[in-house]
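Opened the notebook for a quick walk through this one. Plan: pick an element, look it up, write down what turns up.

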Amino acid sequence: MLYNSTENKKEVVSASQAIAQGISKDGGLFVPQEIPKYDLNTIKGLLKLDYKGIAQKVFADYLSDFTEDEIKDCVEKAYTIEKFGSDNPAPIAFKSYNGNEAGILELWHGPTCAFKDMALQILPHLLTKSLKKTNDGKDAVILVATSGDTGKAALEGFKDVEHTKIIVFYPVDGVSPMQKHQMNTQEGSNVKVCAIEGNFDDAQTGVKKIFTTPEIAKQLEKNNMMFSSANSINWGRLLPQIVYYIAAYCEMVNSGKIQLGEKMNVVVPTGNFGNILASYYAYCMGLPIYKFICASNSNNVLTDFINTGVYNKNRQFYTTISPSMDILVSSNLERLLYKLSGDSDISTKEWMTKLKTEGSYTVTPEVKDAVSTAFYGGYCDDEATKATIAKMYRDAGYLCDTHTAVAVNVYDQYITETGDKTPTVIASTASPYKFSKAVLSAVNDGKELPESEFDMVDMLNNITGVDIPAPLASLKDKKARFSDVVKVDNMPYYVLKSLGIK
Ligand SMILES: *Cc1c(COP(=O)(O)O)cnc(C)c1O
């Protein structure tokens with residue numbers, strides 16, 4: 001199977017090239033030229049497999065230049081009991097809320113307690129194998145822009161991986177104290193962490209710019225290095241996310257919640273549009289999905305887009321209690337637009353250019369209709385997020401994090417509006433302990449909060465009795481290693497200096 005750029009169909013690469021390179025030279029994103037199709041018989045065959053088995057099948061169908069052994073090796077190394085606490089890395093908790101039952105797909109049992117681990121525990125293995133196939137001898141420099149969770153998950157995934165170096169940029173005031181502490185205490189000899197004066201979009205634009213500056217690429221080349229990306233623009237990030245939607249469907253069937261062939265809805269708390277796009281690819285493969293419910297926080301650019309066909313990032317940026325969704329440029333939407341415009345690289349390029357130059361674009365009525373038929377867009381603000389955490393905890397005895405709460409709230413709105421009774425899976429994207437302050441203030445009945453992050457963690461644990469994930473508990477006594485803060489304009493210099501080139 002080959003991949004091409006969403007902005008230039010003539011740029012065609014193999015799977016390993018797509019993963020090694022991360023982003024295409026013209027700035028477009030790599031997409032598979034054909035999507036493998038699973039009929040109900042194929043899905044029936046998957047019902048008997050465990051998570052790793054499903055992962056191997058899906059990976060094999062997309063990564064045609066990997067051998068079966070290579071894929072098996074990657075999967076075995078990534079989804080271990082040691083890292084995910086059980087042999088099912090993505091279990092479903094069935095809970096009732098407001099009279100509706102939903103399956104909460106817990107994607108945060110990995111080493112950094114956010115769903116990013118599902119992809120970033122396997123990406124380094126996919127990437128090092130891809131580099132061997134395509135770029136003999138070169139070291140990969142992984143540049144990451146993070147709104148909090150990707151950074152830590154990428155650092156954990158890549159730490160001390162041979163022939164890789166990783167540099168993570170995060171918005172100085174845009175991540176939670178726990179996220180900051182997780183990143184700044186990161187171990188490993190090949191890692192660097194740096195804050196930037198700006199928001200996530202500034203960080204992401206800065207990284208994209210470094211990627212596409214030819215002079216910088218040349219300097220790396222001279223030093224036997226090349227850039228790659230661990231952001232969700234990398235196909236190697238998206239592919240592992242397709243797996244858990246297929247596995248979730250199988251679990252819904254196996255647990256009797258739906259019959260094989262019956263449809264389910266998915267609800268996804270969305271920022272960069274990677275997670276929800278993975279569910280859309282699963283649907284394109286043949287997975288029976290009825291609605292994609294795209295949940296946003298006050299940065300509701302996607303809600304408006306789904307409802308109007310106008311994407312407009314020229315609006316106020318809000319810093320919310322669900323910081324991993326504080327995003328106005330949802331990069332992976334580009335892949336959806338490419339697909340829905342009938343694989344039109346010309347239209348996609350035109351919209352993305354407008355986004356860069358004017359900050360907004362309008363899709364054709366056909367594309368708008370296709371979007372709003374498949375997707376439901378909704379959002380909620382911080383107050384509603386906290387109220388949802390409190391209500392969910394009170395009514396269902398289930399403690400969820402702020403991002404998951406946005407999804408639960410928007411699902412509730414969807415039910416009220418449509419009365420749809422389709423069985424539903426809600427993606428739960430982080431442990432509540434990653435966002436202790438906000439979660440605690442939702443469930444502590446107005447009592448005063450302690451000052452330090454870890455005292456809040458303990459108080460949340462005392463009130464709810466929910467276990468603190470071991471990777472977060474162990475951070476308490478760790479000292480920070482990193483404290484750099486740079487201006488966006490200085491990011492290129494910082495990168496070259498960190499690599500010992502300047
Ligand atoms: C990254 C993240 C999201 C948003 O996911 P996208 O794939 O960027 O849409 C939501 N919740 C949490 C906790 C995250 O870390």
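**Entry 1, the helix cap.** I started at the N-terminal end of α12, where N234 acts as the cap. One of its side-chain oxygens sits 2.8 Å from the backbone nitrogen of G236. Note to self: this is a predicted model, so I am reading computed geometry throughout.

**Entry 2, the rest of α12.** I checked the extent next: α12 covers residues 235–254, 20 residues in total. From first C-alpha to last I get 29 Å, close to the 28 Å expected at 1.5 Å a residue. Is α12 largely enclosed or not? It is largely enclosed by the rest of the structure, because 18 of its 20 residues are buried. Just past the helix, I found G256 with a positive phi of about 80 degrees.

**Entry 3, N265.** I moved on to strand β10, residues 264–269, which holds N265. Buried or exposed? N265 comes out at 0% relative accessibility, so I put it down as buried; the cut-off for that is under 20%.

What does the side chain of N265 make a polar contact with? I found the side chain of D420, at 2.9 Å. A polar atom of the N265 side chain also lies 3.1 Å from the backbone nitrogen of K291. Leaving out residues up to four places away in sequence, I listed what N265 touches: Y290, K291, I293, Y414, D420, T422, P423, T424 and V425.

**Entry 4, the sheet.** I wanted to see where β10 fits. It belongs to an open sheet of 6 strands, ordered β4-β5-β15-β10-β11-β14, with mixed pairing. The edges are β4 (92–97) and β14 (375–379), each pairing on one side only. I noted an average twist of 25 degrees from one strand to the next.

At the β4 edge I looked up the pairing with β5 (residues 100–106): antiparallel, over 6 bridges. Which residue in β5 is the bridge partner of S96? I found E101.

**Entry 5, helices across the sheet.** Two helices to log here. Helix α13, residues 274–285, lies across β10, β11 (289–296), β14 and β15 (424–428). I read its direction as about 170 degrees to β11. Helix α19, residues 402–418, lies across β4, β5, β10, β11, β14 and β15. For α19 I have about 125 degrees to β11.

Key: Residues are numbered from 1 along each chain as its sequence is written. This is a predicted model: local features need pLDDT of at least 70, side-chain atom pairs count only at pLDDT 80 or more; totals for chains, interfaces and linings use all residues. Side-chain values use heavy atoms; hydrogens and water are left out. The expected span of a helix is 1.5 Å times one less than its number of residues. Buried means under 20% relative accessible area, exposed over 50%, partly exposed in between (1.4 Å probe, protein chains only). A polar contact is a pair of N or O atoms within 3.5 Å; within protein, one must be able to donate a hydrogen and the other to accept it, and residues adjacent in sequence count only if both atoms are side-chain atoms. Contact means heavy atoms within 4.5 Å. Two strands pair if DSSP finds at least two bridges between them. Axes are lines fitted to C-alpha atoms, for helices over the stretch in contact, and angles run from 0 to 180 degrees between N-to-C directions.
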